[in-house]
Amino acid sequence: MKELALELVKEAINAADPYKAVKRAIAVQGNKLIVNGKEFTKSGDIYVIAFGKAACEMARAVEDTVEVKEGIAVTKYGYGRPLRTVKVIEAGHPIPDENSIKGAEEALKLLSKVREEDIVFILISGGGSALFELPEEGITLEDLKKTNELLIKSGATIHEINTVRKHISKVKGGKLAKRIKGIGIALIISDVVGDNLEAIASGPTVKDPTTFRDAERILKLYGIWEEIPESVRMVIEKGLKGEIEETLKEDLPNIYNFLVASNSKSCEAIVRKAKERGFDAHILTTVLEGEAREAGIFISSIAREILERKRPFKPPVVLVFGGETTVTIRGESGKGGPNQEIALSASRKIAGLNVTIVAFDTDGTDGPTDAAGGIVDGETYEKLRNAGIDVEKELFTHNAYETLKKVGALLFTGPTGTNVNSIVIAIIGKP
């Protein structure tokens, strides 16, 4: 079962591989460009604008499929790769820096060359919101950083934070799409739970339902309207008066958005592979959220129910859970990540059972560690106890990494070059 679990992990990561995802999505037949089954006529030039952690691999896939006249790829420091015709710029993540702005400025210069008969590939992946940024006139990089910091500390949700970000940016909230004169084809890798396109990299190519009024309300609701830089307040006030354009409010006829890799697609790949191996397999959710320790209890409870009462499925069966859990740290903390904590927590409830559970982050790094996650089975908990380890104490201090390491239960994949959030696979064998 552990061998099968590792095979399924590999399948999930393979499905999210940015190069392969783009290559699967596009094909050329004569003068026709086919993207996810939709045909486009290649009558002009082809350009590329890519931003995010997977920008270079996505751009390379386009270069290997069609002739690219010119392009820009903005990616995280250390993620750059040489490309043939696409210029690579490395920039700051998770905090935008001067190169984030430079990359966006160069992308807009490139768009000024695009004619109606041309095609522009917009390649979007995780981290794109920070890596590709151009604030509205008058807002400096320092103003932008201070606003982001105040929003994050305010307790605002990510949706609320993005609402403000979109309204102080020249490229977010569909504003990039507005600048495309030719055909814009956005290929998107989702790192957002639920795959909401307007949330991925703050939705540069999709319509946005939020307004300047919403941005003002959020800043006042969390008591930071007076604390944000004056330049940001001025932009929002101008927007309220109609002096600055709103975010995109309707679908544009020349813009097409395609999701080419996501948590959901990786979960589906796991199910297909498990069925090939003769297992019944089901996706139970791709929007798993909440405290990691509680998620571990929840998932292992389902496994136990199946083994002991044959419901809601009969064993053997593979269950798949996708999403993004969190760890709330209070007081002293050890080393670990949410997926390691899921695995360690689950080990308690599956003790003695024919169950294997693997929890991992698809980017290969779970939390601030070099492990992708953890893999446990019915023997793991007993091994920990025999080693004199107090599992409850280690969970309380969030020390899952060192705890799982002692019994060889960490999962290492190395950096994968992609990110479609986290996945948990539970393999329930025969009783």
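**β12 and its partners**

I started with the pairing of β12 in this predicted model. Seven bridges tie β12 to strand β15 (residues 422–428), and the two run antiparallel. To pin down the register I picked Ile357, whose bridge partner in β15 is Ala426.

Next I looked at β13 (residues 373–377). I found five bridges between β12 and β13, again with the strands antiparallel. For a register marker here I noted Thr356, which stands opposite Asp377 in β13.

**How enclosed is β12?**

How many residues of β12 are buried? I went through residues 355–361 and got seven of seven, so the strand is largely enclosed by the rest of the structure.

Then I sorted the strand by face. In a regular strand, side chains alternate between the two faces of the sheet. On one side of β12 I listed Val355, Ile357, Ala359 and Asp361, and on the other Thr356, Val358 and Phe360; both sets are buried, so both faces are covered. My two register markers therefore fall on opposite sides of β12, with Ile357 in one set and Thr356 in the other.

**The parallel sheet**

I moved on to the open sheet of six strands. Reading across, I wrote down the order β6-β5-β4-β7-β8-β9, with parallel pairing. Which strands sit at the edges? They are β6 (86–91) and β9, each of which pairs on one side only. I also checked the turn between neighbouring strands of this sheet: 15° on average, ignoring direction.

Inside the sheet I followed β7 (residues 119–124) and β8 (residues 183–189). Six bridges join these two, running parallel. As a marker I took Val120, which stands opposite Gly184 in β8.

**Asn254**

Last stop was Asn254, in the loop between α10 (230–240) and β9 (255–261). Is Asn254 buried or exposed? Its relative accessible area is 17%; the cut-off for buried is under 20%, so Asn254 counts as buried.

What does the side chain reach? I found the backbone oxygen of Ile180 at 2.9 Å. The Asn254 side chain also reaches the backbone oxygen of Gly182, at 2.8 Å.

I then set aside the neighbours within four places in sequence and listed what Asn254 is in contact with: Ile180, Lys181, Gly182, Ile183 and Gly184. Gly184 was already in my notes as the residue in β8 opposite Val120. Ile183 belongs to that list of contacts too, and residue 183 is where β8 begins. That gave me a link from the loop before β9 to the stretch leading into β8.

Technical notes:
Residues numbered from 1 in each chain as written. Predicted model: local features only at pLDDT ≥ 70, side-chain atom pairs only at ≥ 80, totals over all residues. Heavy atoms only, no water. Helix = DSSP H or I, 4+ residues; strand = E, 2+ residues; numbered from the N terminus. Buried < 20%, exposed > 50% of the residue type's maximum accessible area, 1.4 Å probe, protein only. Polar contact = N/O pair within 3.5 Å; in protein donor to acceptor, adjacent residues only side chain to side chain. Contact = heavy atoms within 4.5 Å. Pairing = 2+ DSSP bridges. Axes fitted to C-alpha atoms, helices over the stretch in contact; angles between N-to-C directions.
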